[in-house]
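Q: Please take a close look at a single part of this model. Which helix side is buried, and what covers that side?

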Amino acid sequence: MSSKSNNQGETGGLTYKDAGVDIDAGSELVRRIAKMAPGIGGFGGLFPLGDSYLVAGTDGVGTKLKLAFETGIHETIGIDLVAMSVNDIVTSGAKPLFFLDYFATSHLDVDLAEKVIKGIVDGCQQSDCTLLGGETAEMPDFYAEGEYDLSGFAVGIVPKDSVIDGKNIKVGDVLIGLPSSGVHSNGFSLVRRVLARSGLSLKNQLPGETVTLGEALMAPTVIYVKQVLNIISKGGVKGIAHITGGGFTDNIPRVFPDGLGAVIYKDSWLVPPVFRWIQEAGRIEDAEMRRTFNMGIGMVLVVSQEAALGILGDAPGAYTAYRIVSGQMNIQQQCYETIDKSGNGGQELIAKNTQFLLDHSSIIVS
């Protein structure tokens, strides 16, 4: 995958780092924490309990909250909160059991808090887990008037012999993408910077669409739990990646064994219009978009070729799914691969950028 310079001074294009978020610094912190607490770094943490593992995850909704404050849309931000944690733990094959929330504000507005908690309840219902409890913290002078912060914690369970960990992924397996509803809950620091540069407000219509920018950006994160567990029950699922912080290119390789990568065709799924607007308004490079946003795919499953046929065959009647990759490839041995992209004998030569040909997993988007 090639990328032009992302220096704003040279190209005028915005980057996530320009907006104040350094993905590399976050990755470095995780690396350092892993030295102190081995096993850290997966989408969920596994704790042995008899013949099963408890799988736990925690997250917030980031600066999407800023848009909630501005739009007044508080009823669905709780769905985002639940989604961020339960989608993480289901990547191990775990069924969510319960959820806990933390709501903090300077002055408790009971009516507003009720709207937020209603969304959390909705999210728990969608993921078939119990809202077990939570904490409401009122901290005068700590937050701006009318603002609040959220975090959530989910715990699930999976039999030890059913854990999905990516270890059995091999060359020739297929990547299946499950569509997102939009931006979900990552990348909003960059979204807000783009919005400011565009001169538009959240009340303006998303160009070419019937919804406002506020409505498009505040669309709640899809909760994939029931859909993913149903697919897992049919067999053949080897790895699952939740596309969150780090976007498309940083999350998918997290489930690959060392030495495997994937070539993904960017035109093999429908990219929601909101991403096209973000890229055009912010003059953002392709590579930066993929590393920041989900680009219309919120969950990726690595499956056997046989399982892929069944999943895609079921999709039209039950859900939408895209085959988004030709298959796994050994990135330690190949610099070029010829792939029949058209299905009628046409060939396309995909150059592998040598900076990605390292002793670790990689994603090449063409």
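**A close look at helix α10**

A: G156 is a useful point of comparison before the helix: this residue is buried, at 0% relative accessible area, where buried means under 20% (1.4 Å probe, protein chains only). G156 lies in strand β5, residues 148-159; helices (H or I, at least four residues) and strands (E, at least two) are DSSP runs, numbered from the N terminus. Its C-alpha atom is 4.7 Å from that of L97, although 59 residues separate the two along the chain. Among the residues that G156 touches, leaving aside those up to four places away in sequence, are Y53, I89 and P96, a contact being heavy atoms within 4.5 Å.

The model is predicted: local features need pLDDT of at least 70, side-chain atom pairs count only at pLDDT 80 or more, and totals for chains, interfaces and linings use all residues. Residues are numbered from 1 along each chain as its sequence is written, and side-chain values use heavy atoms, with hydrogens and water left out.

Helix α10 spans residues 273-282, and its buried residues are V274, F275, W277, I278, A281 and G282. These lie on the same side of α10 because they cover an arc of only 160° around the axis, the arc being that of the directions from the helix axis to the C-beta atoms. An α-helix has 3.6 residues a turn, so residues three or four places apart point the same way. The cover over the buried residues of α10 includes α6 (188-198), α7 (213-217) and α11 (286-292). Just after α10, R283 adopts a positive phi of about 50°.

Methods
Buried < 20%, exposed > 50% of the residue type's maximum accessible area, 1.4 Å probe, protein only.
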